[in-house]
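Visitor: Please take a close look at one part of this structure for me. I would like to hear about the salt bridges, with the open space afterwards.

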Amino acid sequence: MLDAERGRPRPADDSDLAEIDLGLLLALEALLHERNVTRAASRLNIGQPALSARLNRLRQVFADPLFVPATSGRGVVPTARAVELQTELAAVLGKLRRMLEGPAVFDPARSQRTFVVAIHENPAVTLAPGLVARFAAKAERARLALVHPTRDVVDQLERGEIDLLVTGADRAHGELMQRPLFEDSFLSAQRKGHPDGNGLLDLDSFCALDHLLISADGGGFSGLVDDALAALGRSRRVAVSIQTYALAPIILAHSDCICTLPRRFLMRFAHELDLRPPPLDLPPARIVALWHPRDQDDKGHAWLRECLYQAAAA
């Protein structure tokens with residue numbers, strides 16, 4: 001690969017790379033190791049004529065003899081160019097061999113990998129404490145990012161920008177792997193000392209109270225509870241709409257609004273709020289983990305999933 005006009009090496013391009021195949025690289029490796037055509041051919045399990053043909057092709061590709069007969073008459077001696085190639089050749093073939101060895105063993109204690117989990121706020125409150133505790137206890141050098149899912153979250157999974165998506169079962173995608181994490185019922189929460197008391201709610205009292213609603217998209221005043229009430233021919237007054245779960249306990253503690261939310265979320269605030277069952281049947285909230293099929297057999301990804309499963313089971 002010389003510049004014919006200037007007599008010096010020119011940068012390799014794709015057409016040069018097309019001239020090289022793995023058989024040529026293995027032949028060069030064998031000759032550098034054995035320094036003998038017969039032994040190199042035996043090492044490759046090919047005949048001497050086949051190895052000689054490969055050597056001639058290597059000489060054309062590198063524009064160098066590469067090997068010359070030894071003065072002793074036994075074996076061959078590498079040229080300066082062949083010796084120069086030896087280190088780079090070992091690195092290239094080493095990488096190729098590691099590619100064929102299969103995935104490396106994942107050791108969480110040694111890993112410095114960054115994992116990204118897209119998770120909605122409600123399941124995050126339930127799962128994040130246990131997930132982070134398990135993750136940190138076993139992978140002190142790894143990092144974990146919990147991010148809010150965006151509209152292109154499925155594309156992010158496909159591009160490998162996100163490892164896991166934790167969301168409602170109704171948002172599952174058929175092309176993704178999935179596993180159920182938990183089901184959750186609902187409770188209604190209110191401040192301690194609420195004027196309505198803390199006894200069992202009847203439907204009339206429930207509908208007469210002011211309600212707080214969490215609208216993930218922002219600004220909504222209708223949701224799952226309103227659909228269930230409409231099926232009974234009833235309605236309620238949603239007085240306040242917020243976009244984040246974190247605000248709900250604070251607002252409830254300082255107002256006479258009530259709010260109906262998943263039980264696992266509200267149980268974390270049982271010492272601050274009064275909780276009681278709502279007076280209507282609501283379908284359970286089903287939370288699932290989703291991931292791209294590409295990551296199914298990745299050992300690190302499987303370890304992360306197991307940490308999540310354990311957090312959900314707890």
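Guide: Arginine 97 has a relative accessible area of 40%. That value lies between the cut-offs of 20% and 50%, so arginine 97 counts as partly exposed. Keep in mind that this model is predicted. Arginine 97 has a partner, glutamate 29, and the two form a salt bridge. Their closest N and O atoms are 2.9 Å apart. The pair ties together distant parts of the chain. Arginine 97 sits in helix H5, residues 80-100. Glutamate 29 sits in helix H2, residues 22-34. The two are 68 residues apart. Glutamate 29 has a relative accessible area of 18%. Buried means under 20%, so glutamate 29 is buried.

Now take glutamate 34. It is buried too, with a relative accessible area of 18%. Its salt-bridge partner is arginine 43, and the closest N and O atoms of this pair are 3.4 Å apart. Arginine 43 is partly exposed, at 41% relative accessibility. A further residue joins in here: Glu34, Arg39 and Arg43 are linked in a network of salt bridges.

Next comes arginine 191. It forms a salt bridge with aspartate 256, with 2.8 Å between the closest N and O atoms. Here again, distant parts of the chain are linked. Arginine 191 belongs to strand E9, residues 186-191. Aspartate 256 lies in the loop between helix H10 (248-253) and E12. The separation along the chain is 65 residues. Arginine 191 is partly exposed, at 22% relative accessibility. Aspartate 256 is partly exposed as well, at 38%. The structure holds 16 salt bridges, so these pairs are examples.

Strand E12 leads on to the open space. It gives the largest share of the lining of the largest pocket, 4 residues. Other elements also supply at least two residues each, among them helix H6 (121-138), strand E7 (164-168) and helix H9 (224-231). About 1300 Å³ of space lies in this pocket. Its lining is made of 40 residues. Nearest its centre lie Asp170, Arg171, Ile214, Ala216 and Tyr245. What classes of residue make up the lining of the largest pocket? There are 21 nonpolar, 12 polar and 7 charged residues.

Terms used
Residues are numbered from 1 along each chain as its sequence is written. This is a predicted model: local features need pLDDT of at least 70, side-chain atom pairs count only at pLDDT 80 or more; totals for chains, interfaces and linings use all residues. Side-chain values use heavy atoms; hydrogens and water are left out. On a 1 Å grid over the protein atoms alone, a cavity is a set of points where a 1.4 Å probe fits but cannot get out, and a pocket is an open set with protein on both sides within 12 Å along at least five of seven lines; lining residues have an atom within 4 Å of a point. Grid points are joined across faces, edges and corners, and a volume is the space filled by probe spheres set on the points. Ala, Val, Leu, Ile, Met, Phe, Trp, Tyr, Cys and Pro count as nonpolar, Asp, Glu, Lys and Arg as charged, and the others, Gly among them, as polar. A salt bridge is a side-chain nitrogen of Lys or Arg within 4 Å of a carboxyl oxygen of Asp or Glu. Buried means under 20% relative accessible area, exposed over 50%, partly exposed in between (1.4 Å probe, protein chains only).
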